[in-house]
Amino acid sequence: MKKVLPILTAAAMVFSVAGCGSSSTAASTASTEAAAASTEAAAAPADGSVANNEKPLVWYNRQPSNSSTGELDMEALNFNDKTYYVGFDANQGADLQGQMVAEYIEAHKDTIDRNGDGVIGYVLAIGDIGHNDSVARTRGVRKALGTAVEVDGAVDSNPVGTNVDGTSTDVMDGSVAGFTVRELASQEMKNSAGATWDAATAGNAIGEWSSSFGDQIDLVVSNNDGMGMAMFNAWSQAEGVPTFGYDANSDAVAAIADGYGGTISQHADVQAYLTLKVLRNLLDGDDVMNGIATADDAGNVLSDTDYKYVESERSFYALNLAVTADNYQDFTDATKVYTPVSAQLDAGAHPTKKVWLDIYNSADNFLGSTYQPLLQNYDDLLNLEVEYIGGDGQTESNITNRLANPGEYDAFAINMVKTDNAASYTALLNQ
Ligand code: BGC
């Protein structure tokens with residue numbers, strides 16, 4: 001009985017706050033509150049007895065790491081024993097993207113070389129030179145097309161600027177299906193205010209590239225669909241130039257019917273689930289693998305083709321799938337919950353908890369159009385009341401300023417602007 005009391009009080013508080021402006025709620029009696037508390041488990045404020053630095057924390061989408069070397073920030077990943085990262089397998093996905101482009105060239109040998117000069121020219125939109133996922137994708141494409149150059153045992157992922165004459169030292173001419181393959185141009189799509197993965201910048205870049213290189217461009221490749229679709233809409237669709245992205249956002253998948261070459265699903269439906277389910281498990285004091293490796297009490301469970309877990313990195317990685325003209329019909333709704341993990345948790349056994357979650361850039365196409373809608377579907381299923389904070393994509397303080405009262409939340413899910421900046425968040429949780 002003792003345990004129930006604070007919940008009832010909390011329920012009453014939440015009801016009175018939520019009831020502002022609603023007379024029927026204001027009129028609710030203690031007994032209906034009690035009934036609601038037991039069936040719906042209204043949100044309890046965070047338990048003041050848990051220190052903020054002992055609460056569950058999931059880093060997601062931007063893995064704490066050194067933006068120059070890519071080395072993981074293990075201090076941030078081990079912030080406490082309830083800290084994890086959720087992302088996807090960047091190398092597996094990058095290799096798939098490269099293969100998808102190479103296979104496309106092979107399958108379209110007769111039509112791909114627009115000016116018939118024997119050179120397949122491609123341009124590459126780079127998302128963020130300091131983001132491991134972006135680096136992996138640049139490398140994956142260069143490896144598969146034979147344009148990769150190794151420096152100190154790793155493929156050079158620097159943007160070339162322009163390389164129309166093939167003299168860049170960051171890439172070399174490759175060969176696929178009997179053609180020479182050349183990276184004509186690549187650049188980081190960062191806008192003047194500093195936002196990376198910037199679709200509008202990519203839309204402008206293709207304008208410049210196409211006026212300089214014209215029909216030397218046979219393929220357009222992008223580190224993500226946001227930038228890929230900006231280039232497709234601005235130029236390549238009208239020109240019939242196949243364009244490849246990453247993320248399998250719904251608009252990009254639909255565009256495959258209109259000539260978009262293909263994309264990679266990073267299984268955002270699995271990642272969004274993992275982001276919230278890991279927090280849910282830790283809040284419930286359950287094993288972190290509950291509903292992930294083993295079925296939870298609602299029957300949710302993933303399989304080992306959906307994700308992998310690397311204990312030494314405290315990281316869950318969703319596995320990627322290629323989406324092309326052959327299978328895109330299966331991927332048309334990027335915001336649909338993944339059926340194996342779509343069962344509602346019982347609100348009595350898993351009462352509502354409050355989560356603070358930020359999205360580093362509210363204008364990011366993938367996070368905004370795919371990831372957040374998925375999180376919003378899963379938060380209901382997992383009985384989590386999530387406060388979504390959208391950043392400007394440029395300054396960490398724009399987000400950290402809105403983590404002024406961590407004591408109000410039971411758990412945190414963090415998407416940093418810059419992968420080096422984990423300490424800006426953990427400092428606030430340590431206070
Ligand atoms: C996505 C990009 C996105 C970036 C944001 C990546 O995983 O593929 O589309 O812009 O995350 O951090």
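**Notes on a predicted model: ligand shell, sheet and a few residues**

1. Let's start at the ligand. In this predicted model, the residues around the ligand are Asn-61, Arg-62, Gly-127, Asp-133, Trp-197, Asn-224, Gly-226, Tyr-246, Asp-247, Asp-364, Phe-366 and Leu-367. Sort this shell by character and you get four nonpolar, four polar and four charged residues. Both domains chip in: domain 1 (55-89 + 267-429) and domain 2 (91-265) each give at least three residues to the shell.

2. Now step back to the whole chain. Its secondary structure adds up to 13 helices and 17 strands. Of its 431 residues, 49% count as buried. If you take the contacts between residues at least 6 apart in sequence, 72% of them join residues at least 24 apart.

3. Next, have a look at the open sheet of seven strands. Reading across, the order is β12-β13-β2-β1-β17-β15-β16, and the pairing is mixed. β12 (307-310) and β16 (384-390) stand at the edges with a single partner strand each, so one side of each has no neighbour in the sheet. Neighbouring strands here are turned by 20° against each other on average, if you ignore direction.

4. Two of the strand pairs are worth tracing on screen. Strand β1 (residues 57-60) pairs with strand β17 (residues 411-414) in the parallel sense, over three bridges. Within that pair, Val-58 has Ala-413 of β17 as its bridge partner. Helix α10 packs on the sheet and touches β1, β2 (83-88), β12, β13 (315-318), β15 (353-359), β16 and β17. The direction of α10 makes about 165° with that of β2. The other pair is β15 and β16, also parallel, joined over seven bridges. There, Trp-356 has Glu-387 in β16 as its bridge partner.

5. Why can we call β15 largely enclosed by the rest of the structure? Just count: six of the seven residues of β15 are buried, so the strand is largely enclosed.

6. Stay with helix α10 (residues 268-283) for a moment, and find Lys-277 in it. Is Lys-277 buried or exposed? It counts as buried, because it has 29 C-beta neighbours inside 10 Å and the cut-off for buried is 20 or more. Leaving out neighbours within four places in sequence, Lys-277 is in contact with Gly-291, Ile-292 and Leu-382. From Lys-277 to Val-288 it's 11 residues in sequence and 8.4 Å in space, C-alpha to C-alpha.

7. That brings us to Val-288, which sits in the loop between α10 and β12. Val-288 has 19 other C-beta atoms within 10 Å, so it is partly exposed. Setting aside residues within four places in sequence, Val-288 is in contact with Val-278, Asn-281 and Leu-282. For Val-278, the gap to Val-288 is 10 residues in sequence and 5.9 Å between C-alpha atoms.

8. Last one: Glu-71, in the loop between β1 and α4 (74-77). How many other C-beta atoms lie within 10 Å of Glu-71? There are 10, so Glu-71 is exposed, as 12 or fewer is the cut-off. Not counting residues up to four places away in sequence, Glu-71 touches Ser-65 and Asn-66. Try finding Asp-420 too: Glu-71 and Asp-420 are 349 residues apart along the chain, while their C-alpha atoms are separated by 9.9 Å.

Notes:
Residues are numbered from 1 along each chain as its sequence is written. This is a predicted model: local features need pLDDT of at least 70, side-chain atom pairs count only at pLDDT 80 or more; totals for chains, interfaces and linings use all residues. A residue is near a molecule or strand if its C-beta atom, placed from the backbone, lies within 6 Å of it. Ala, Val, Leu, Ile, Met, Phe, Trp, Tyr, Cys and Pro count as nonpolar, Asp, Glu, Lys and Arg as charged, and the others, Gly among them, as polar. Domain bounds come from an automatic or database domain assignment. Helices (H or I, at least four residues) and strands (E, at least two) are DSSP runs, numbered from the N terminus. Two residues are in contact if their C-beta atoms, placed from the backbone, lie within 7 Å. Two strands pair if DSSP finds at least two bridges between them. Axes are lines fitted to C-alpha atoms, for helices over the stretch in contact, and angles run from 0 to 180 degrees between N-to-C directions.
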